[in-house]
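This briefing goes through one structure topic by topic, from aromatic contacts to backbone geometry. Please keep the sequence and the model in view while reading.

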Amino acid sequence: MDYMKLKLAIQKSGRLHDDSIKLLKECGIDISNGANKLRTEATNFPLEVFFLRDDDIPQYVEDGVADIGFVGENVVYEKNKKIEIVDKLGYGRCRLSIAIGRGQKYESVQYLQNRKIATSYPLLVKEFLKKNNINAEIHEISGSVEIAPGIGLADAICDIVSSGSTLFMNGLKEVETVMKSQAILIRNPALKEDELKILHKLLFRIQSVKKAKNNKYVLLNAPNDKLDAIVKILPGMKSPTILPLAESGWSSVHSVISENDFWNVIESLKANGAQGILIVPIEKMII
Ligand code: ATP
Ligand code: MG
């Protein structure tokens with residue numbers, strides 16, 4: 001099976017398209033992305049890429065037309081297809097929220113009792129209402145959801161929000177978060193051994209790229225009598241590297257720190273005598 005290729009579905013155009021292509025590039029996978037192409041093949045990895053509407057990706061992956069897909073969690077949960085979630089991809093972050101007219105008084109989710117909610121996510125809204133014991137009418141529309149209250153179609157909406165500026169421009173305010181979402185990697189549950197091998201190779205690369213993004217390489221100088229304290233703050237992958245400086249009594253310390261507690265670590269390094277701190281991005285991280 002020398003010619004076996006894994007078939008990947010990504011969004012044709014829209015909010016996830018560019019970052020999906022970028023992730024493949026960062027994984028060292030070259031695809032020619034000619035305008036209006038519906039499919040293409042990677043030149044240096046056994047991957048065929050289909051460009052689709054994001055709504056259709058879960059169905060294609062369930063049917064096995066595509067083996068895997070990059071798609072928003074919101075779409076995956078709404079479509080509720082028989083697919084498996086492999087990993088989160090770290091881009092396309094947004095939330096699915098309920099919003100109402102800015103002038104309305106909102107105290108609790110009870111506000112929604114017996115109201116009309118416009119959304120493109122009927123299943124997720126239904127689950128949210130059920131969980132909160134609310135009876136409300138769901139009005140499904142496929143786009144421009146945010147104008148529904150203004151034209152008298154609904155009392156509230158449930159839609160994707162990231163900065164909130166679209167809501168603001170339409171005179172709405174966000175009152176409940178139904179779910180948080182980001183792009184995820186999904187797969188057909190019945191992949192064959194050869195297909196799984198390619199998937200694991202791709203996944204290994206994706207995880208190396210993700211880890212690198214979440215970590216920074218740090219270099220600093222410190223007087224030798226401060227090294228113990230500094231090493232305690234910097235665990236590193238195994239332990240930090242310590243090299244003597246030309247000036248006696250001083251060392252250079254190299255390590256990797258996580259983006260999560262980045263500023264706290266830098267502040268305590270400084271407080272413990274570190275000087276000349278350099279922070280360098282990591283391109284790939286293989287551990
Ligand atoms: P398609 O034509 O493929 O159906 P669409 O119009 O349904 O596209 P987009 O607006 O491109 O969808 O959004 C695609 C996905 O990107 C959403 O389902 C969500 O997961 C994510 N997303 C939406 N809005 C944002 C945002 N503002 N920031 C980041 N990610 C977002
Ligand atoms: Mg869509």
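Over the ring of which residue does the charged end of Arg 115 sit? In this predicted model, the charged end of Arg 115 sits over the ring of Tyr 111, at 4.0 Å from the ring centre. Tyr 111 is also part of an aromatic pair with Tyr 106, and the points below begin with that group of side chains before turning to cysteines, the metal site, the pocket and the backbone.

**Aromatic rings and charges**

- The count of aromatic pairs comes to two. In one of them, the rings of Tyr 106 and Tyr 111 have centres 5.4 Å apart and planes at 50 degrees, and the pair is therefore classed as tilted, because edge-to-face requires planes over 60 degrees apart and stacked requires planes under 30 degrees apart.
- Tyr 106 counts as buried at 19% relative accessibility, with the limit for that class set at under 20%, and Tyr 111 is likewise buried, with a relative accessible area of 11%.
- The rings of Phe 262 and Trp 263 form a pair whose centres lie 4.9 Å apart and whose planes meet at 85 degrees, so this pair is edge-to-face.
- The two partners of that pair fall into separate accessibility classes, since Phe 262 is buried with a relative accessible area of 10%, whereas Trp 263 counts as exposed at 60% relative accessibility.
- A charge is also placed over the ring of Phe 168, where the charged end of Arg 102 sits 4.1 Å from the ring centre.

**Cysteines**

- The count of disulfides comes to zero. For Cys 94, the closest cysteine sulfur is that of Cys 158, and at 11 Å this is too far for a bond, because a disulfide needs sulfur atoms within 2.5 Å.
- Cys 94 is buried, with a relative accessible area of 17%, and Cys 158 counts as buried at 0% relative accessibility.

**Metal site and largest pocket**

- The magnesium ion (ligand 2) is coordinated by Asp 54 and Asp 55, each through OD, at 2.0 to 2.1 Å. Of these two residues, Asp 55 counts as partly exposed, at 30% relative accessibility.
- The largest pocket holds about 1,100 Å³ of space. Its lining comprises 37 residues, and those closest to the pocket centre are Asp 54, Asn 74, Tyr 121, Asp 159 and Ile 160, so that Asp 54 appears both there and among the residues that coordinate the magnesium ion.
- The elements that contribute two or more residues to the lining of the largest pocket are α3 (73-79), β9 (156-161) and α5 (165-169).

**Positive phi outside glycine**

- Asn 80, a residue other than glycine, has a positive phi near 55 degrees. Asn 80 is found in the loop between α3 and β5 (84-88), where it counts as exposed at 57% relative accessibility.
- Ser 144 has a positive phi of about 45 degrees although it is not a glycine. Ser 144 lies in the loop between β8 (137-140) and β9, and at 49% relative accessibility it counts as partly exposed.

**Separation in sequence and in space**

- Val 86 has its place in strand β5 and counts as partly exposed at 26% relative accessibility. The C-alpha atoms of Val 86 and Ile 184 are separated by 7.5 Å, with their positions 98 residues apart along the chain.
- Ile 186 lies in strand β11 (residues 183-187) and counts as buried at 0% relative accessibility. From C-alpha to C-alpha, Ile 186 and Ser 108 are 35 Å apart in space, and they are 78 residues apart in sequence.
- Thr 241 is found in strand β13 (residues 241-244) and is partly exposed, with a relative accessible area of 38%. Thr 241 and Asp 63 are 178 residues apart in sequence, and their C-alpha atoms are 50 Å apart in space.

Definitions and conventions
Residues are numbered from 1 along each chain as its sequence is written. Chains are lettered from A and ligands numbered from 1 in the order in which they are written. This is a predicted model: local features need pLDDT of at least 70, side-chain atom pairs count only at pLDDT 80 or more; totals for chains, interfaces and linings use all residues. Side-chain values use heavy atoms; hydrogens and water are left out. Rings of Phe, Tyr and Trp (its six-membered ring) pair if their centres lie within 6.5 Å; planes under 30 degrees apart count as stacked, over 60 as edge-to-face and the rest as tilted. Buried means under 20% relative accessible area, exposed over 50%, partly exposed in between (1.4 Å probe, protein chains only). A charge sits over a ring if NZ of Lys or CZ of Arg is within 6 Å of the ring centre and within 35 degrees of the ring normal. Donors are N, O and S atoms within 2.8 Å of the metal (3.2 Å for Na, K and Ca); water is not among the atoms, so sites may look incomplete. On a 1 Å grid over the protein atoms alone, a cavity is a set of points where a 1.4 Å probe fits but cannot get out, and a pocket is an open set with protein on both sides within 12 Å along at least five of seven lines; lining residues have an atom within 4 Å of a point. Grid points are joined across faces, edges and corners, and a volume is the space filled by probe spheres set on the points. Helices (H or I, at least four residues) and strands (E, at least two) are DSSP runs, numbered from the N terminus.
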